2 protein chains.
Amino acid sequence: MRIGQAATRARLEASTIRFYESAGVLPAPARNSAGYREYDDVDVELMRFVRRLRALQLPLDDIREVVRLRVSGDAPCQPVRDAITREAHAVDQRIADLTRLRAELRSLQERMDATVDEWPTSCVCHVIDQTT
Amino acid sequence: MRIGQAATRARLEASTIRFYESAGVLPAPARNSAGYREYDDVDVELMRFVRRLRALQLPLDDIREVVRLRVSGDAPCQPVRDAITREAHAVDQRIADLTRLRAELRSLQERMDATVDEWPTSCVCHVIDQTT
DNA sequence: CTTGACCTTCGAGCGACTGGAGGGTTTATC
DNA sequence: GATAAACCCTCCAGTCGCTCGAAGGTCAAG
């Protein structure tokens with residue numbers, strides 16, 4: 001099948017598949033006489049695998065390595081598990097950061113609302129100025 | 001003062017200040033005879049204001065508008081309040097997304113650990129394959 | 001006179017795509 | 001057999017917010 005159908009089946013954009021190929025994540029497929037990429041079901045399975053890892057927000061560098069192992073017949077389970085662990089920590093960190101940020105935004109909103117009557121005259125955003 | 005001292009006082013990198021200028025966020029300052037940028041305390045205050053808004057992860061597009069108002073003497077409070085509200089919603093959304101992602105990563109970790117004894121033989125990452 | 005710290009501009013690189021220009025190919029329809 | 005729509009190709013630019021490096025100019029201290 002050609003890239004469009006592969007994209008539909010793998011639930012990726014054709015442009016994303018080409019990008020993954022250029023990034024060395026997906027192997028370069030065969031080409032037909034017109035130069036079109038030709039994929040089979042195994043290729044589509046691999047694309048789905050990559051999509052699922054990306055949905056877990058694993059970086060392409062990790063996925064490239066995992067795909068390399070999988071294509072070469074090795075079991076990529078340990079690297080996948082390691083990548084997932086790294087990502088879980090990164091996600092925990094991002095959530096903690098964002099939670100702090102949200103608290104600060106909420107607090108700012110409240111403080112701005114409390115001084116809304118002073119705005120028209122001489123607001124230079126003291127509230128923001130008081131932030132670190 | 002020159003850009004290095006302004007950067008230190010505003011707690012920004014000199015390269016960031018130049019970038020903000022090129023991005024139209026900060027106004028172009030005067031230059032001395034050697035072509036060096038010259039800043040005063042008011043400029044540094046504005047840099048700090050921008051840094052604080054960036055720390056709240058407001059996009060530069062919003063900050064540019066807010067700075068424009070502030071420099072022109074208008075009170076930027078309402079736009080700041082609006083931008084903060086938008087950002088608060090975006091942060092809520094990001095937290096929700098990441099929380100779902102974290103749950104999925106945790107679940108995957110557990111399921112992989114539960115089948116760890118099967119890995120050496122024929123792991124093709126069924127666990128990942130079962131993900132949507 | 002030289003060293004070193006500072007400054008300048010310009011351009012590339014990050015991550016992971018996305019979209020467009022400017023072409024060629026295939027397929028369905030008339 | 002012509003034509004139009006849908007598909008494919010490559011290459012390049014843009015996204016966001018910086019950050020770094022190259023290649024050079026300026027200036028004060030020793």
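Student: Which residues are closest to DNA strand D, and how many surround it?

Tutor: There are 18 residues around DNA strand D, and the closest are A:Arg2, A:Gly4, A:Arg37, B:Ala34 and B:Pro59. This is a predicted model, where local features need pLDDT of at least 70, side-chain atom pairs count only at pLDDT 80 or more, and totals for chains, interfaces and linings use all residues. Residues are numbered from 1 along each chain as its sequence is written, while chains are lettered from A and ligands numbered from 1 in the order in which they are written.

Student: What makes a residue count as near a strand?

Tutor: Its C-beta atom, placed from the backbone, has to lie within 6 Å of the strand. By that test 19 residues surround DNA strand C, with A:Ala34, A:Leu60, B:Arg2, B:Gly4 and B:Arg37 the closest. Two or more residues come from each of helix H2 (14–22) and helix H4 (60–71) of chain A, and from helix H1 (3–10) and helix H2 (14–22) of chain B.

Student: What makes an element of chain A a helix or a strand?

Tutor: Both are DSSP runs numbered from the N terminus: H or I over at least four residues for a helix, E over at least two for a strand. Chain A has seven helices and two strands, in the order α-α-β-β-α-α-α-α-α.

Student: Why is the relation between chains A and B called a two-fold axis?

Tutor: Chain A goes onto chain B with a turn of 180°, a shift of 0.0 Å along the axis and an RMSD of 0.1 Å, superposed by least squares on C-alpha atoms of residues with pLDDT of at least 70 in both. Those values are the relation of a two-fold axis, so the name fits. In chain A, the C-alpha nearest the axis belongs to A:Ile95, at 3.0 Å.

Student: How do you know that the same surface serves both copies?

Tutor: Of the contact residues of chain A, 100% recur in chain B; contact means C-beta atoms, placed from the backbone, within 7 Å. Each chain puts in 34 residues. On chain A's side, helix H3 (41–55) and helix H5 (77–114) each give two or more, and H5(A) gives the most, with 22 residues.

Student: How many of chain A's residues count as buried?

Tutor: The share is 27% of its 132 residues. Buried means 20 or more other C-beta atoms within 10 Å of a residue's own, exposed 12 or fewer, and partly exposed in between, with C-beta atoms placed from the backbone.

Note on methods: Contact = placed C-beta atoms within 7 Å.
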